[in-house]
Amino acid sequence: MTPPRQPWALRAYLVLARVLAPVWRQGLQRRLLRGKETPRSVRQKLGSEYADRPAGTLVWGHAVGVGESMALAGLFARLAERRPDCSFLITTTARTSGDALRRTGLPARCQHQFAPVDTPEAASRFLDHWTPSLALWCEMDLWPALIAETDARSIPRALVNARLSPESLAKRRWGRWLYQALLPGFQELFAQNDATAYALVVLGAPRERITVSGTIKALVPPLACDADDLDTWQQALAGRPVWLLASSHPGEEELALSAHARLCEQHPDALLVIAPRAPARGLEVAALASAALSKDVPLRSTGAHIATEAAVYIADTIGEMGLWYRLAPVALVGGSFASVGGHNPHEPLALGCAVLHGPNVWNFAESYERLDGLRQARLVNSEADVAREVAAVWGANRPVHTTALVDEQAEAVIERVQALLPL
């Protein structure tokens, strides 16, 4: 049977992608010279190096950011328990995402590699090697050539954890002809909220295939840390009260420092760990803290590996949030006072760290609403609120009973994805 003719927008994209293939190669070489790629990542993206494909059924998932790739890892960990006959592959475009997966530890029978550049040739080589039985796209990192090659092989595919704000929808309308060519081929589309479901329909997705399922970032596996480092810190702190400002943005450090000054009135040995979202801001944040305390503040990046007697410690390194969430019984999750929209509350909760947050949490609105209702997270609006809630956790004198939020909606996503797999 003759395959259906591709929509004109997709055909035009694929022609342009073939023409621009040399530009992809040149761009990757420039990134390699700047240290943004490795020789191996370049080879994988160009389709000249692959790991061995395991025998049997393979599930492939693609994500772009750290949060999305970790969410896929959590979903695959749950699928691995249910389907011991399956192997799993996660692809990312960013080095940071691949590094985070390796640090945390991939699920059973799962491996990572970099996604191919979006040319028909590279996508074809990738799929010829891996021959997945199911393809998952996480959020909205949709590559037309890769999706078109997946469709040509009749590989079932699903979109999970999709999120589109009204602003994102407005930006994507210019490419609606491409979305109208791509989205109808997804067997299942899981939207985080009603606004995203509406946006997907506007962009061409069949309404009957869309399910509002919340976020699967509740499935993220616990972040890893170095056990020896954790033990060294715990011995050095010797029971000092600790709290954490996690993934902070400009303006949030000042609030935390003011709250810490209040806490030190009753707890003079208290320690505040500040982990800026952008580690490159470490010196800037240290200067703020030093001015507030009238003394130097140690930075992790400069070799101050233990806080010793310091009242504030700047954790300005990448990939160590698992350590800080284990050391602190309570964290103020950043991005929630700045105009950022908040960061993932499930990472601290998975490690028994209570969550405080400000009012700006639209990136995880559904999660925070549910967690606030379960008293696993608390809304704070001021430095006085922060100091009061941190002191309340310290005063409980017992482990904080928190769990990652895996509710009926997340379970339903797992069930529906599993149903797309061959028996």
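## Strand β1 and its partners

In this predicted model, H62 of strand β1 has T91 as its bridge partner in strand β2, where strands are DSSP runs of E with at least two residues and helices are DSSP runs of H or I with at least four, both numbered from the N terminus. From β1 the chain crosses through helix α4 (residues 66–82) to β2, and this β-α-β crossover is right-handed, a term meaning that, with the strands pointing away from the viewer, the path from the first strand over the helix to the second runs clockwise. The two strands, of which β2 covers residues 86–92, run parallel and are joined by six bridges; T57 stands opposite C86.

On another strand, β4 (residues 134–138), L136 is the bridge partner of G61, and four bridges join β4 to β1, again in parallel. In β1 (residues 57–62), six of six residues are buried, that is, they have under 20% relative accessible area, whereas exposed means over 50% and partly exposed lies in between (1.4 Å probe, protein chains only). T57, V59 and G61 point one way from β1, while L58, W60 and H62 point the other way.

## The sheet as a whole

Seven strands form an open sheet in the order β3-β2-β1-β4-β5-β6-β7, with parallel pairing, and two strands count as paired if DSSP finds at least two bridges between them. Because β3 (110–114) and β7 (210–212) each have a single partner strand, they stand at the edges, and one side of each is left without a neighbour in the sheet.

## Helix α18

Helix α18 (residues 408–419) has 12 residues, which at 1.5 Å a residue should span 16 Å, and this agrees with its end C-alpha atoms being 16 Å apart; the expected span is 1.5 Å times one less than the number of residues. Among its residues, A410, V413, I414 and V417 are buried. They cover an arc of only 95° around the axis, which puts them on the same side of α18, the arc being that of the directions from the helix axis to the C-beta atoms.

The buried residues of α18 pack against α4, β4, β5 (157–162) and β6 (188–191), contact meaning heavy atoms within 4.5 Å. The face turned away from this buried side carries the exposed residues E408 and A419.

## How to read the values

Residues are numbered from 1 along each chain as its sequence is written, and side-chain values use heavy atoms, with hydrogens and water left out. Local features need pLDDT of at least 70 and side-chain atom pairs count only at pLDDT 80 or more, while totals for chains, interfaces and linings use all residues.
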